[in-house]
Amino acid sequence: MKVAEAKALTKSYHFGDTEVHALRGVDITIAEHEFVAVWGPSGSGKTTLCNLLGLLDDPTSGKVSIGEKAAENLRDDEKSELRNESIGFVFQNFNLVPVLSAVENVMLPLQIQGISKVEAREKALRLLDEVELTDRANHRPQKLSGGQQQRVAIARALVADPVLVIADEPTANLDTVNANRIIDVMRRINQTRGAAFVFSTHDDRLLDRVDRRVHLQDGEILEDERVSGAE
Ligand SMILES: Nc1ncnc2c1ncn2[C@@H]1O[C@H](COP(=O)(O)OP(=O)(O)O)[C@@H](O)[C@H]1O
Ligand SMILES: [Mg+2]
């Protein structure tokens, strides 16, 4: 079963008279449980693709569907609902709420869904345990290292049981040791929880442990390679 699909996706941005073609016709299908790296240099279209697949932005042309639902037929509120119930996000800059503790940050997506505080807290603590941060649950982001903040963000992305996690350059602001640890944590959660992961990176050293590598260049897929023997 597929969790997400994009067909003939294009995205152009206008700067006065100039047009930037960020994506030039991308086809990609993400199957259940897949662990996919989208890699390419800065400016190749990774963020644009992540945002379109995650329904955070609309394509110039082409189609995106999540599960069996085609996004172009949905109103904005329906799109938000589909996004909230199906997709978790991890960003390069962690994007944690500074005035909330780690556990409160992880609880947020559940509280947006109207789940009680008690239940949300219980689930959030379980996720923090999975990313090995139980002892930091009550710390605010500024008291955490970058790697720890990103693990909180991963817990937050997973807490509402999405079928798909989209992580746009989750390791770009981390050193190599922490970057590898983030990939390990995502890979482990991918295996234990079964959510599909799409993560983007410009660092080809992180490609060892993925099932599939999608190489983007100038807004096009240069190669879409399935790797056998990944962990
Ligand atoms: N909001 C925007 N307005 C104008 N151009 C943009 C915008 N976002 C991205 N671009 C351009 O689109 C291209 C792809 O960008 P992006 O998707 O951010 O690539 P990557 O994430 O791989 O660095 C780049 O040339 C970039 O300058
Ligand atoms: Mg980017």
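A residue is called partly exposed here if the count of other C-beta atoms within 10 Å of its own falls between the limits for exposed, 12 or fewer, and buried, 20 or more. With that in hand, welcome to a short tour of this predicted model.

**View 1. T134 sits in the loop between α4 (117–130) and α5.** T134 has 13 other C-beta atoms within 10 Å, so it counts as partly exposed. Setting aside neighbours within four places in sequence, the contacts of T134 are L128 and D129. For a sense of scale, try A124: it is ten residues from T134 in sequence, and the two C-alpha atoms are 10.0 Å apart in space.

**View 2. Ligand 1 and the residues around it.** Which residues surround ligand 1? They are Y13, V20, A22, G40, S42, G43, S44, G45, K46, T47 and T48. Two elements, β2 (18–31) and α1 (46–53), each give two or more residues to this shell. The most comes from α1, which supplies three residues. By class, the shell around ligand 1 holds seven polar residues, three nonpolar ones and one charged one.

**View 3. Helix α1, mostly covered.** Stay with α1 for a moment and look at how its residues are placed. Six of the eight residues in α1 are buried. They are K46, T48, L49, C50, L52 and L53; among them, K46 and T48 also belong to the shell around ligand 1. Just after the helix comes L55, with a positive phi of about 60 degrees.

**View 4. Helices α3 and α5 cross at roughly 30 degrees.** Two packed helices are described by the angle between their axes and the distance between the axes. For α3 (residues 102–112) and α5 (residues 146–158), the axes come within 7 Å. The angle of their crossing makes α3 roughly parallel to α5, and the crossing is right-handed. On the α3 side, A102, N105, V106, L108 and P109 make the contact, and on the α5 side V152, A155 and R156 do. Sorted by class, this contact of α3 with α5 has six nonpolar residues, one polar and one charged.

**View 5. V152, a buried residue of α5.** Here we zoom in on one residue from the previous view. V152 lies in helix α5. Why does V152 count as buried? It has 27 C-beta neighbours inside 10 Å, and 20 or more are enough for a residue to be called buried. Not counting residues up to four places away in sequence, V152 touches L96, A102, N105, V106, L133 and L144. L127 is 25 residues from V152 in sequence, yet their C-alpha atoms are 8.7 Å apart in space.

**View 6. Helices α5 and α6 cross at roughly 20 degrees.** Next, follow α5 to another helix, α6 (residues 176–193). The axes of α5 and α6 come within 10 Å, and their crossing angle makes α5 roughly parallel to α6. This crossing, too, has a hand: it is right-handed. From α5, the residues G146, G147, Q150, R151, I154 and L158 meet N178, R181, I182, V185, M186, I189 and R193 of α6. The contact of α5 with α6 is made up of six nonpolar, four polar and three charged residues.

**View 7. R24 in strand β2.** Back in the strand that also helps to surround ligand 1, find R24. Is R24 buried or partly exposed? With 15 other C-beta atoms within 10 Å, R24 is partly exposed. Apart from neighbours within four places in sequence, R24 is in contact with T10, G219 and E220. I66 lies 42 residues from R24 along the chain, and 21 Å separates their C-alpha atoms.

**View 8. Two loop residues with a positive phi, H33 and N95.** Most residues other than glycine have a negative phi, and most peptide bonds are trans. H33, in the loop between β2 and β3 (35–39), has a positive phi of about 75 degrees although it is not a glycine. H33 is partly exposed, as 16 other C-beta atoms lie within 10 Å. N95 belongs to the loop between β6 (87–90) and α3. Its phi is also positive, about 55 degrees, and N95 is not a glycine either. With 13 other C-beta atoms within 10 Å, N95 is partly exposed.

Key. Residues are numbered from 1 along each chain as its sequence is written. Chains are lettered from A and ligands numbered from 1 in the order in which they are written. This is a predicted model: local features need pLDDT of at least 70, side-chain atom pairs count only at pLDDT 80 or more; totals for chains, interfaces and linings use all residues. A residue is near a molecule or strand if its C-beta atom, placed from the backbone, lies within 6 Å of it. Helices (H or I, at least four residues) and strands (E, at least two) are DSSP runs, numbered from the N terminus. Ala, Val, Leu, Ile, Met, Phe, Trp, Tyr, Cys and Pro count as nonpolar, Asp, Glu, Lys and Arg as charged, and the others, Gly among them, as polar. Axes are lines fitted to C-alpha atoms, for helices over the stretch in contact, and angles run from 0 to 180 degrees between N-to-C directions. Angles under 35 degrees count as roughly parallel, over 145 as roughly antiparallel, 65 to 115 as roughly perpendicular and the rest as oblique. A crossing is left-handed if the near helix is turned anticlockwise from the far one by less than a right angle, and right-handed if clockwise. Two residues are in contact if their C-beta atoms, placed from the backbone, lie within 7 Å.
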